[in-house]
Amino acid sequence: MSAEDRSRLLGAAVDRVLADALREVAARIAEGSVADYIPELADADPEAFGVSIASVLGRAYGAGDADAPFTIQSASKPFVYAFACEELGAEAVHEHVGVEPSGEPFNAISLDERGRPENPFINAGAIVTTSLVPADDADDRFRRIRDALSRFAGRELDLDDEVHRSEAETGHRNRALAGLALAAGSLATDDVDAATDPYFRQCALRVTTADLAIMGATLANGGVNPITRDRVVGERAARNTLSVMATCGMYDRSGDWAFRVGMPAKSGVGGGIVAVRPGEFGVGVYAPPLDEAGNSVRGVAMLEALSDRFGLHMFDHVAEPVSPVAEVDVDAAAGTVTFDLRGELDFVAAEQIVHDVGRVLEHTDARVVRLDFGDVTVVAGVAEQLLGATAAAAEAAGVEVHAIGAPDEVLEQFGVAERD
């Protein structure tokens with residue numbers, strides 16, 4: 001068997017795990033109704049059901065109707081928000097829209113004491129966010145939004161003209177919400193149609209669960225599309241977006257979602273949900289029947305099943321981490337102690353290194369501590385600072401600290417050039 005065949009076989013194993021979970025959910029969940037307040041959405045197949053996962057390493061998996069196209073609807077909102085934050089900065093965006101859960105339906109009139117919509121994921125907030133995207137006119141604004149969402153997906157997304165027309169013809173409440181935002185001073189344009197028409201069109205972009213998974217994985221990957229390697233937004237914009245998804249992404253069911261599933265997510269009335277495991281992967285699900293809040297019933301159940309089965313809840317207890325110290329070599333004659341470090345150095349890993357160094361210095365007469373970074377893959381900013389402070393304290397006590405193979409950022413924190 002070739003290496004390619006072995007890789008394909010392993011990928012099929014992940015697909016089978018997803019397919020098993022999908023069949024289990026389909027067998028026990030049959031509730032919900034397809035959205036019909038947008039007439040064109042009423043024609044969706046109520047039996048359609050698909051799921052996809054895309055990792056930050058650039059690999060994708062799927063099961064069921066993973067390639068079935070559907071309109072993104074409100075699942076577009078996080079990505080437009082991220083784009084607006086990238087273009088304008090979060091502070092400028094939040095002059096117009098808040099970040100608090102509304103506790104109300106997605107189409108509610110929900111303005112805070114400053115006249116801002118409560119968050120960018122209810123319709124009023126999403127329309128305001130769309131209006132913030134710098135553009136010459138409505139057509140240019142939609143062009144820029146479609147380009148940004150296409151970069152998140154890693155392919156050019158196309159517009160469902162029939163759904164757009166249906167939304168535009170029935171979107172009177174959304175125009176009213178835009179008018180209220182304009183009157184309150186939060187809409188970024190004085191032309192309601194220049195905000196609502198691009199909004200209707202962004203919601204009518206066609207995606208698949210594979211697209212949503214890659215879009216979610218781009219946020220999970222700090223704004224870099226893991227397939228194309230294109231940096232779509234910066235790390236801060238991605239982090240901001242995941243934060244709001246965690247608290248506001250499932251409308252007035254966001255608290256229940258955080259309790260049961262525990263992943264940043266955003267739903268759409270087309271039946272799609274995008275969910276994110278930060279630093280690991282994005283998930284896309286599609287099942288058109290919705291609950292009273294406008295969330296896919298089977299989609300919610302599928303993500304709850306995956307969270308339970310694979311321990312994906314963001315507040316799950318993490319098993320005891322592998323020690324960042326692979327080996328300690330004490331050379332009493334030379335007065336040196338060498339710590340062979342490994343893996344990703346975050347706060348927990350750095351705290352363990354600090355503890356181990358302190359314990360060795362307490363029980364030996366070592367004059368030199370060597371930290372060997374040869375097998376370290378990532379050094380987080382907090383680890384740089386903690387290790388730098390440790391080096392300074394050791395040097396003040398008369399113990400030299402050598403950083404072997406350390407990144408420049410670590411050497412800068414240590415305040416010394418690499419020794420040895």
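**Exercise 1. Which residues are buried in H4?**

*Solution.* The structure is a predicted model.

Step 1. Helix H4 spans residues 123-132. Its buried residues are Asn-123, Ala-124, Gly-125, Ala-126, Ile-127, Val-128, Thr-129, Thr-130, Ser-131 and Leu-132.

Step 2. Because 10 of the 10 residues of H4 are buried, this helix is largely enclosed by the rest of the structure.

Step 3. The enclosing partners can then be named. The buried residues of H4 pack against H2, helix H3 (90-93), helix H5 (138-153), helix H7 (172-184) and helix H8 (192-203).

**Exercise 2. Identify the central members of the largest nonpolar core, and examine the surroundings of Phe-152.**

*Solution.*

Step 1. The largest nonpolar core holds 61 residues, of which Ile-72, Leu-149, Phe-152, Leu-212 and Met-215 touch the most other members.

Step 2. Helix H2 (residues 77-88) contributes the largest share of this core, with 7 residues.

Step 3. Leaving aside residues up to four places away in sequence, Phe-152 is in contact with Phe-79, Ala-82, Ile-214, Met-215, Thr-218, Leu-219, Asn-225, Val-232 and Val-233.

Step 4. A second core, separate from the one above, comprises 28 residues, including Val-261, Ile-273, Leu-303 and Leu-312.

**Exercise 3. Explain why neither Cys-203 nor Cys-248 forms a disulfide.**

*Solution.*

Step 1. A search of the whole structure returns 0 disulfides. The criterion is a pair of cysteine sulfur atoms within 2.5 Å.

Step 2. For Cys-203, the closest cysteine sulfur belongs to Cys-248 and lies 17 Å away, which is too far for a bond.

Step 3. For Cys-248, the closest cysteine sulfur is that of Cys-85, at 13 Å, again too far for a bond.

Step 4. Burial completes the description: Cys-203 is buried with a relative accessible area of 2%, and Cys-248 is buried with a value of 4%.

**Exercise 4. Describe the largest pocket by its volume, its lining and the elements that supply the lining.**

*Solution.*

Step 1. The volume of the largest pocket is about 940 Å³.

Step 2. The pocket is lined by 26 residues, and those closest to its centre are Glu-344, Leu-345, Asp-346, Val-378 and Ala-380.

Step 3. By residue class, the lining consists of 14 nonpolar, 6 polar and 6 charged residues.

Step 4. At least two lining residues come from each of helix H9 (209-220), helix H10 (235-248), strand S9 (336-345) and helix H13 (347-363). S9 provides the largest share, 4 residues.

How values were computed. Residues numbered from 1 in each chain as written. Predicted model: local features only at pLDDT ≥ 70, side-chain atom pairs only at ≥ 80, totals over all residues. Heavy atoms only, no water. 1 Å grid on protein atoms, 1.4 Å probe; cavity = no way out; pocket = protein on both sides within 12 Å on 5 of 7 lines; lining within 4 Å. Points joined across faces, edges and corners; volume = space filled by probe spheres on them. Nonpolar A, V, L, I, M, F, W, Y, C, P; charged D, E, K, R; others polar. Core = buried A, V, L, I, M, F, W, Y, C linked by side-chain atoms within 4.5 Å. Buried < 20%, exposed > 50% of the residue type's maximum accessible area, 1.4 Å probe, protein only. Contact = heavy atoms within 4.5 Å.
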